[in-house]
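Please look over the sequence and the three-dimensional model together before reading on. The paragraphs that follow go from the overall fold to single helices and then to individual residues.

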Amino acid sequence: NLIRVPLVVVTAGSFFFAVSRLPLAEAIGLSFIAPAFIAILGVLLLKERLDASILIALAAGFAGMAAMLWPKLEEGMSGSTIGVAAALFSALSYAGNIILLRRLALKQHPATIVAFQSIGPAVVLAPFALWWWSSPGAGDLAMFFLAGVLGVMGHLVLTFAFSRADASRLAPTEFTALVWAALLGFAAFGEVPTIHIWAGSALIVAGSLALAWRKF
């Protein structure tokens, strides 16, 4: 748990830095190399078996991601080397975090794991937050509270999932975040998904469903 605390801080910090240097689509697209890192680290460190179904699901996920992001990358690729490096480093540290989560989930209750993950980074970052403090408004506090609730709920469910299945097998389902992003973007901001979004979503969902069908 104590090892995961700095990993969480590094993962979030490097990703936010990448977002500050790269177009959002590019930063998010680069971050989705993480499922491949998770699958590889699961095989190397947890001795999990990388079978054909996982490889097919990963390939479908990468193909779907490419289909969804290619038009945006063509329009907004910045070429910022340090931003690209930060996004890839964030993906790698996130994968390491997930591998540790898998090991902890086999032995500890999800609430304990999420408590360490939430309180630990807060303690580590408190001195920096106080140094650069600016008072948030009521609307900001409400959004922080909602983000906290959603984050805790998401991590509890994620921890439960990793206590029931191999990290390498769950890795391809990470790609479904792009599908949810498209749906939520339409619901909240009126962003109409393009044909690339629908094609990519179909590939991602097909790969994840094929993997889940083979497992369960």
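A helix here is a DSSP run of H or I that holds at least four residues, and helices are numbered from the N terminus. Under that convention T11 is found in helix α1, and this helix will serve as the starting point for much of what follows. The coordinates belong to a predicted model, and every statement below should be read with that in mind.

Taken as a whole, the chain has ten helices and zero strands, so that its pattern, read along the sequence, is α-α-α-α-α-α-α-α-α-α, given that only DSSP runs of helix or strand enter the assignment. The chain counts 216 residues, and buried residues make up 37% of them.

Helix α1 covers residues 4-21. With 18 residues, α1 reaches 26 Å from its first C-alpha to its last, which is close to the 26 Å expected at 1.5 Å a residue. Its buried residues are R4, V5, V8, V9, T11, S14 and A18, a list in which a charged residue and polar residues appear beside nonpolar ones, if Arg is counted as charged and Val and Ala as nonpolar.

Which helices does α1 pack against? One of them is α5, residues 81-105, whose axis comes within 8 Å of the axis of α1 and crosses that axis at roughly 155 degrees. Angles over 145 degrees count as roughly antiparallel, and α1 and α5 are therefore roughly antiparallel to each other. The crossing of these two helices, α1 and α5, is left-handed, and the residues of their contact divide into 14 nonpolar, seven polar and two charged.

Several residues of α1 can be followed individually towards the segment that forms α5. T11 is buried, because its relative accessible area is 10% and the cut-off for a buried residue is under 20%. The side chain of T11 is joined to the side chain of S93 by a polar contact of 2.8 Å. S14, also found in helix α1, counts as buried because its relative accessibility is 12%. The C-alpha atoms of S14 and A85 are 9.1 Å apart in space, although the two residues are 71 residues apart in sequence. F16 lies in helix α1 as well, yet F16 counts as exposed, because its relative accessibility is 56% and the exposed class begins over 50%. Between the C-alpha atoms of F16 and S90 there is a separation of 9.2 Å, and these residues are 74 residues apart along the chain.

A second partner of α1 is α6, and here too the axes come within 8 Å, with a crossing angle of roughly 65 degrees. That angle makes α1 roughly perpendicular to α6, and α1 passes α6 in a right-handed crossing. Helix α6 covers residues 110-131, and V123 has its place there. Is V123 buried or exposed? V123 counts as exposed, because its relative accessibility is 58%. V123 and V5 are 118 residues apart in sequence, while their C-alpha atoms are 9.6 Å apart in space, and V5 itself is among the buried residues of α1.

Helix α5 also packs with α3, which covers residues 34-46; the angle between them is about 45 degrees and their axes are 8 Å apart. That makes α3 oblique to α5, and the crossing of α3 and α5 is right-handed. The buried residues of α3 are A34, P35, A36, I38, A39, L41 and G42. After α3 comes K47, whose phi is positive, near 60 degrees.

One further long-range pair involves helix α4, residues 52-76, where W70 has its place. W70 counts as exposed, because its relative accessibility is 52%. The C-alpha atoms of W70 and H196 are separated by 8.3 Å, and the two residues are 126 residues apart along the chain.

How values were computed: Residues numbered from 1 in each chain as written. Predicted model: local features only at pLDDT ≥ 70, side-chain atom pairs only at ≥ 80, totals over all residues. Heavy atoms only, no water. Axes fitted to C-alpha atoms, helices over the stretch in contact; angles between N-to-C directions. Parallel < 35°, antiparallel > 145°, perpendicular 65-115°, else oblique. Left-handed = near helix turned anticlockwise from the far one by under 90°. Expected span 1.5 Å × (residues − 1). Buried < 20%, exposed > 50% of the residue type's maximum accessible area, 1.4 Å probe, protein only. Polar contact = N/O pair within 3.5 Å; in protein donor to acceptor, adjacent residues only side chain to side chain.
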